[in-house]
Amino acid sequence: MVGPVEAGRAAKYAGPVLTIDQATYDAIVAHAKRDHPDEACGIVAGPEGSDRPERVVEMVNAAGSPTFYEFDSTELLDLYKQMWDNDEEPVVIYHSHTATEAYPSRTDIGLASEPGAHYVLVSTREHGNNDGPVEFRSYRIIDGEVTEEEVTVVPELT
Amino acid sequence: MAIEVRIPTILRTYTGGEKAVSGDGSKLSALIDDLEANHPGLKERLIEDGDLRRFVNVYVNDEDVRFIGGLDAELSDGDQVVVLPAVAGG
């Protein structure tokens, strides 16, 4: 049932949809595969208020763990200062799950602190470091409430 | 004495939407008490059981306060304080 009407709705209401370009999608997946079996994490920054994920920033998982991720505190500050200087915000915050599904864990929900961001989860549980499909899903996490949203991958952001 | 404190998006409900507020205090703990007086509720989001919350980062002039004394970190006029929630999960 995806026709012009559906596409029109997605274009008009940007909220419940993550629209991401193929190169950015591929970069996130490649990062997740490379760091498997540890969790990979990062953000995609974009102009404030634009909802455009334009600039991938891979972050080091300071926890270096297959079950937890945390941005290093000094790198976190550097990242935010850079974004403030550029009038950017974190449009996407991504991380991988390496043994479980691409759904926010209780910890993910409890610690989610960017109500405006799309939280992307990639699961590498099927193929690990190797080629092959991954689960790639996106959510809003606001006040402990998780809402899954559609992911639309486009050749380029228009 | 004035210290500028940068407030993250998620805590701006306590500052009427302001991205930055100013406060006073010769130590971080005193600054947080001063902020609480003007922005009730903020302190509880920063402190738990008498210590900084594990997943809240506070920086003074770009230094993570955990490395410069935590709540006892000393402050002077003109210092820049930034509050940033950790980006973390499981």
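Two strands pair if DSSP finds at least two bridges between them. Keep that rule in mind while touring this predicted model.

**Stop 1: a pair of strands in chain A**

Select residues 118-123 of chain A, which are strand S6, and residues 135-142 of chain A, which are strand S7. These two strands pair in the antiparallel sense over five bridges. To find one of the bridges, pick A:Leu121 and look across to its partner in S7(A), A:Arg137.

A:Leu121 also has a partner on another strand: in S6(A), the residue bridged to A:His95 is A:Leu121. Here the strands are S5(A) and S6(A), which run parallel and are joined by six bridges.

**Stop 2: strand S5 of chain A**

Now select residues 88-97 of chain A, strand S5. Is this strand mostly covered or mostly uncovered? S5(A) is mostly covered, with 10 of its 10 residues buried. S5(A) pairs with S2(A) over seven bridges, in the antiparallel sense. Show A:Ile43 together with A:Ile93, its bridge partner in S5(A).

**Stop 3: the whole sheet of chain A**

Widen the selection to the sheet. Seven strands of chain A make an open sheet with mixed pairing, in the order S1-S8-S7-S6-S5-S2-S3. Which strands lie at the edges? They are strand S1 (17-21) and strand S3 (55-59) of chain A, each of which pairs on one side only. From one strand to the next, the twist averages 30°.

Add helix H2, residues 22-35 of chain A. The helix lies across S1, S2, S3, S5, S6, S7 and S8 of chain A, and runs at about 90° to S1(A).

**Stop 4: chain A as a whole**

Zoom out and color chain A by secondary structure. There are four helices and eight strands in this chain. Followed along the sequence, the pattern is α-β-α-β-β-β-α-β-α-β-β-β.

The C-alpha atoms of chain A fill a box of roughly 45 × 40 × 30 Å along the principal axes. For 158 residues, a compact globule would have a radius of gyration near 15 Å; chain A has 15 Å, so the value agrees. Buried residues make up 34% of the 158 residues in chain A. Of the contacts in chain A with a separation of 6 or more, 63% are between residues 24 or more positions apart.

**Stop 5: the sheet of chain B**

Move to chain B. Its open sheet of five strands has the order S2-S1-S7-S5-S6, and the pairing is mixed. The edge strands, each pairing on one side only, are strand S2 (20-23) and strand S6 (63-64) of chain B. Select residues 3-6 of chain B, strand S1: four bridges join S1(B) to S2(B), and the two run antiparallel. One bridge to display is that of B:Val5, whose partner in S2(B) is B:Val21.

**Stop 6: helix H1 of chain B**

H1(B) lies across S1, S2, S5 and S7 of chain B, running at about 115° to S2(B). Select B:Ala30, which lies in this helix, residues 28-38 of chain B. Why does B:Ala30 count as partly exposed? B:Ala30 has 15 C-beta neighbours inside 10 Å, and a residue is partly exposed when the number falls between 12 or fewer, which is exposed, and 20 or more, which is buried. Draw a distance from the C-alpha atom of B:Ala30 to that of B:Leu71: the two are 41 residues apart along the chain and separated by 8.5 Å.

**Stop 7: the nonpolar core**

In soluble globular proteins, nonpolar side chains tend to be buried together. In this model, the largest nonpolar core has 50 residues. Those with the most contacts inside it are A:Val92, A:Tyr119, A:Val120, A:Val122 and B:Val81. Center the view on B:Val81. Leaving out residues up to four places away in sequence, B:Val81 touches several residues, among them B:Ile3, B:Val5, B:Leu31, B:Val58 and B:Val60.

**Stop 8: where the chains meet**

Finally, show both chains. How many residues of chain B are in contact with chain A? There are 15, and they contact 20 residues of chain A. On the chain B side, the elements giving two or more residues are strand S5 (56-60), strand S7 (80-85) and strand S8 (88-89). S7(B) gives the largest share, three residues. By class, this side of chain B has nine nonpolar, four polar and two charged residues.

Two views finish the tour. Select residues 69-70 of chain A, strand S4, with S8(B): the two pair in the antiparallel sense over two bridges. A:Tyr69 has B:Gly89 as its bridge partner in S8(B). Then select helix H3, residues 73-85 of chain A, which lies across S5, S6 and S7 of chain B at about 105° to S7(B).

Terms used:
Residues numbered from 1 in each chain as written. Chains lettered and ligands numbered in written order. Predicted model: local features only at pLDDT ≥ 70, side-chain atom pairs only at ≥ 80, totals over all residues. Contact = placed C-beta atoms within 7 Å. Nonpolar A, V, L, I, M, F, W, Y, C, P; charged D, E, K, R; others polar. Core = buried A, V, L, I, M, F, W, Y, C linked by C-beta atoms within 7 Å. Axes fitted to C-alpha atoms, helices over the stretch in contact; angles between N-to-C directions. Rg over C-alpha atoms; globule rule 2.2 N^0.38 Å.
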